[in-house]
Amino acid sequence: MFKEIIKITGKWSGPTSIILAGVHGDEKCGVKALEKIIPNLKIEKGRVFIGYGNPQAIEKTQRFTEVNLNRIFKKDNLLSKSDKKSYEYKRARFLKKYLNQSDALLDIHASHTPMSKPFVICETNAKGIVEYLPVERVVSGFDQIEPGGTDYYMNSIGKIGICIECGFLGDPQSEQIAEESIYAFLKARGHLTNDLIPQEQSYIRMFDLYKTKTNKFILAKLFDDFEGISKGQVIGVDGNQEVKTKKTAVILFARNREKVGEEAFLLGKNKKSLA
Ligand SMILES: [Zn+2]
């Protein structure tokens with residue numbers, strides 16, 4: 001596992017992009033895809049930075065070692081003292097040097113929800129790229145409700161941040177999706193000849209993130225990613241309190257939790273376009 005970011009330069013001038021895998025160390029699909037792709041990868045135009053997000057967490061097959069790397073790309077005044085002492089904070093500062101030099105990012109993740117289908121997280125500035133990625137769903141709104149990710153950081157400095165969720169982290173198919181998405185991204189960005197056809201995609205905008213209020217949040221049932229939720233439906237029990245939705249929605253990343261202040265689930269709504 002190398003910890004540096006490698007740079008691949010094309011024969012002709014062009015844009016600069018960056019591809020990251022393993023920002024969450026237990027989401028191995030992107031890590032395996034990069035191991036396979038990097039030895040032979042050549043590009044035609046521009047330059048591409050490629051590397052591993054959180055090498056220490058990848059080695060331990062953990063989401064992170066001290067704090068969630070994908071919540072720490074915020075301004076310093078929004079971080080705690082312990083955040084700023086962490087390995088992940090130092091790693092984020094290192095990664096920012098390369099993000100700052102790039103015009104667009106593809107960050108490769110996987111879901112903890114079994115049967116989760118691949119989807120993309122981005123904002124409207126990713127139009128012209130996302131329609132080439134091998135996903136049916138395009139999800140926006142994360143920058144507001146869950147700031148601090150790599151894609152959030154890129155969008156916050158006027159660049160393009162795209163995060164792809166390649167399906168369930170235990171599904172071997174996720175590695176294939178990761179590999180396809182890397183090539184699709186390189187083509188859509190003009191680093192390779194684009195022979196792809198834009199995909200028909202549906203759009204969802206996330207509007208709410210539920211954080212636990214006690215150290216025991218238990219889901220009412222297992223929810224699929226993007227499962228439809230009706231108004232007033234019980235999602236789970238937080239301590240002794242039932243947690244219900246205020247309006248119809250789709251649910252994402254619903255998980256049982258054992259600490260206060262943890263992300264338990266997100267809610268979103270269907271949209272006609274990415275805007
Ligand atoms: Zn992740």
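**Aromatic pairs, a zinc site and two domains**

Phenylalanine 73 is a buried residue, its relative accessible area being 1%. This value, like the others in this section, comes from a predicted model. Tyrosine 153 also counts as buried, at 11% relative accessibility. These two residues bring us to the aromatic pairs, of which the structure holds 9. In the pair made by phenylalanine 73 and tyrosine 153, the ring centres are 6.0 Å apart and the planes meet at 45 degrees, so the pair is tilted. Phenylalanine 73 belongs to the loop between helix H2 (55-60) and helix H3 (81-85), while tyrosine 153 belongs to helix H6 (residues 150-156), so the pair ties together parts that lie 80 residues apart in sequence.

A second pair is worth a look on the model. How are the rings of phenylalanine 119 and phenylalanine 226 arranged? They are edge-to-face, with 4.8 Å from centre to centre and 90 degrees between the planes. This pair, too, links distant parts of the chain: phenylalanine 119 is in strand E5 (residues 119-121) and phenylalanine 226 is in the loop between strand E9 (217-219) and strand E10 (227-229), 107 residues apart. Phenylalanine 119 is buried, with a relative accessible area of 0%, and phenylalanine 226 is buried with a value of 8%. Elsewhere, Phe49, Phe94 and Tyr98 come together as one aromatic cluster. A ring can also meet a charge: the charged end of lysine 247 sits over the ring of phenylalanine 207, at 4.6 Å from the centre of that ring.

The metal site comes next. Which atoms coordinate the zinc ion? The donors are ND1 of His24, two OE atoms of Glu27, and ND1 of His109, at 2.0 to 2.5 Å. Along the sequence, the spacing of these donor residues is H-x2-E-x81-H. The angles subtended by the 4 donor atoms around the zinc ion run from 56 to 148 degrees, which makes the arrangement irregular. A tetrahedral label would need all angles to lie between 85 and 135 degrees. Histidine 24 is buried at 4% relative accessibility, and glutamate 27 is buried at 2%.

Between these two zinc-binding residues in sequence sits glycine 25, placed in the loop between E2 and H1. Is glycine 25 buried or exposed? Glycine 25 is buried, with a relative accessible area of 0%. Its C-alpha atom is 6.1 Å from that of asparagine 54, although the two residues are 29 places apart in sequence. Leaving aside residues up to four places away in sequence, glycine 25 touches Ala57, Ile58, Thr61, Gln62 and Arg63.

Helix H1 covers residues 29-37, and its buried residues are Cys29, Gly30, Val31, Ala33, Leu34 and Ile37. An α-helix has 3.6 residues a turn, so residues three or four places apart point the same way. The buried residues of H1 pack against strand E2 (12-21), strand E3 (45-52), H2, strand E4 (104-111), strand E7 (160-168) and helix H7 (173-188).

At the level of the whole chain, the protein is divided into domain 1 (6-188) and domain 2 (207-270). The centres of the two domains, taken over C-alpha atoms, are separated by 25 Å. In the contact between them, 13 residues of domain 1 meet 12 residues of domain 2. Aspartate 208, in strand E8 (residues 202-211), is partly exposed, with a relative accessible area of 36%. The C-alpha atom of aspartate 208 lies 9.2 Å from that of glutamine 144, which is 64 residues away along the chain. Beyond residues up to four places away in sequence, aspartate 208 touches Ile145, Phe265, Leu266 and Leu267.

Two backbone angles close the tour. Most residues other than glycine have a negative phi. Methionine 115, however, has a positive phi near 70 degrees. This methionine is in the loop between E4 and E5 and is exposed, with a relative accessible area of 72%. Phenylalanine 253 is not a glycine either, yet has a positive phi of about 55 degrees. Its place is the loop between strand E13 (249-252) and strand E14 (263-271).

Note on methods. Residues are numbered from 1 along each chain as its sequence is written. This is a predicted model: local features need pLDDT of at least 70, side-chain atom pairs count only at pLDDT 80 or more; totals for chains, interfaces and linings use all residues. Side-chain values use heavy atoms; hydrogens and water are left out. Rings of Phe, Tyr and Trp (its six-membered ring) pair if their centres lie within 6.5 Å; planes under 30 degrees apart count as stacked, over 60 as edge-to-face and the rest as tilted. Helices (H or I, at least four residues) and strands (E, at least two) are DSSP runs, numbered from the N terminus. Buried means under 20% relative accessible area, exposed over 50%, partly exposed in between (1.4 Å probe, protein chains only). A charge sits over a ring if NZ of Lys or CZ of Arg is within 6 Å of the ring centre and within 35 degrees of the ring normal. Donors are N, O and S atoms within 2.8 Å of the metal (3.2 Å for Na, K and Ca); water is not among the atoms, so sites may look incomplete. Four donors count as tetrahedral if all angles lie between 85 and 135 degrees; four count as square planar and six as octahedral if opposite donors are over 155 degrees apart and all others between 65 and 115; anything else is irregular. Contact means heavy atoms within 4.5 Å. Domain bounds come from an automatic or database domain assignment.
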